[in-house]
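Morning, everyone. Please look at the screen while I talk. I'll start with the whole chain and then move to a single residue.

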Amino acid sequence: MCLDYVLLDIEASSFSDNAYPVEIAWGNEEGIESYLLDPSSVESWQDWSQRSEAVHGISQIMLASDGHNPREIYRKLDDIFSTKTVYSDEPEFDLHWLSAFERIFGCHTKTWKIHDIRQILYTKLESGNNRSISAEEVLQKARSEATKRHRAHDDVEILLKAVQIARG
C-alpha cells in the first residue's frame with residue numbers, strides 16, 4: 001500500500017520570528033520518520049528559548065550529538081512535498097518553521113503546502129457516516145489518550161491516532 005499523504009509535526013527552537021526547526025517528523029500508516037536537526041552548520045540559527053526547550057525537552061546538546069545536517073533534511077522534505085499531500089494540526093506554525101530553510105538555503109518553501117488535518121478527519125468522518133463527533137473533537141480525543149506530547153514523532157503518532165478514530 002502506498003499512501004499519498006503524510007502527517008507532519010515540527011518542534012522549534014523558540015516562538016520568535018528567528019526560530020528554526022529542531023525536530024521534524026512525518027509519517028502515515030506505513031511508518032514515521034523523525035529527525036533532530038543540528039543547527040551548528042547554520043550560522044544564523046542562533047535563536048534559542050529555554051521555555052521552548054522545557055516544552056519539548058530537546059536540548060542543544062542533544063542536537064549537537066544526535067542532530068542531522070539541515071540540508072539533508074531539507075532534501076527529504078522537498079521530496080515529501082513533491083510527492084505527497086502534507087497535513088498538520090498547526091499548518092501556519094509549521095510553515096513558519098519551514099521558512100527557516102528558505103532563509104538559509106534560498107530554496108522555495110513557499111511552494112510547499114500544508115493542509116489542516118481537520119480536512120482529512122472531516123472526510124473520514126463523512127465517509128463513515130459518523131456525524132456525531134467533529135474533526136476537532138476527534139483530534140482532542142487522540143491528544144487526551146496520548147502519554148507523550150511535544151516531541152515530533154509522538155505528535156505524529158497522535159495525528160495518526162486521530163485518523164484511526166475518524167475512520168471508525
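For 168 residues, a compact globule would have a radius of gyration near 15 Å, and this protein chain has 16 Å, so the two agree. Keep in mind that this is a predicted model. Now the box. Along the principal axes, the C-alpha atoms fill roughly 50 × 30 × 25 Å.

What is the chain built from? Seven helices and five strands. Follow the sequence and the pattern reads β-β-β-α-α-α-β-α-β-α-α-α.

Next, contacts. Take those in the protein chain with a separation of 6 or more: 67% of them join residues 24 or more positions apart.

How much of the chain is buried? Of the 168 residues, 46% are. On the outside, the protein chain exposes about 8,700 Å². Carbon and sulfur atoms supply 47% of that area.

Then the charges. The chain has 18 positive and 29 negative ones. Their mean positions lie 3 Å apart.

Now zoom in on Arg143. You will find Arg143 in helix H6, which covers residues 135–145. Is Arg143 buried or exposed? Its relative accessible area is 15%. Buried means under 20%, so Arg143 counts as buried.

Which side chain does the side chain of Arg143 make a polar contact with? That of Asp89, at 2.7 Å. Asp89 is also on the wider contact list for Arg143, which leaves aside neighbours within four places in sequence. The others on that list are Arg118, Glu136, Arg149 and Ile158.

That's my tour. Thanks for listening.

Notes. Residues are numbered from 1 along each chain as its sequence is written. This is a predicted model: local features need pLDDT of at least 70, side-chain atom pairs count only at pLDDT 80 or more; totals for chains, interfaces and linings use all residues. Side-chain values use heavy atoms; hydrogens and water are left out. Helices (H or I, at least four residues) and strands (E, at least two) are DSSP runs, numbered from the N terminus. The radius of gyration is taken over C-alpha atoms; the globule rule is 2.2 Å times the number of residues to the power 0.38. Buried means under 20% relative accessible area, exposed over 50%, partly exposed in between (1.4 Å probe, protein chains only). Contact means heavy atoms within 4.5 Å. Accessible areas come from the Shrake-Rupley method with a 1.4 Å probe; for residues, only the protein chains shown count as cover. Lys and Arg count as positive and Asp and Glu as negative; His and the chain ends are not counted. The place of a charge is taken as NZ of Lys, CZ of Arg, CG of Asp or CD of Glu. A polar contact is a pair of N or O atoms within 3.5 Å; within protein, one must be able to donate a hydrogen and the other to accept it, and residues adjacent in sequence count only if both atoms are side-chain atoms.
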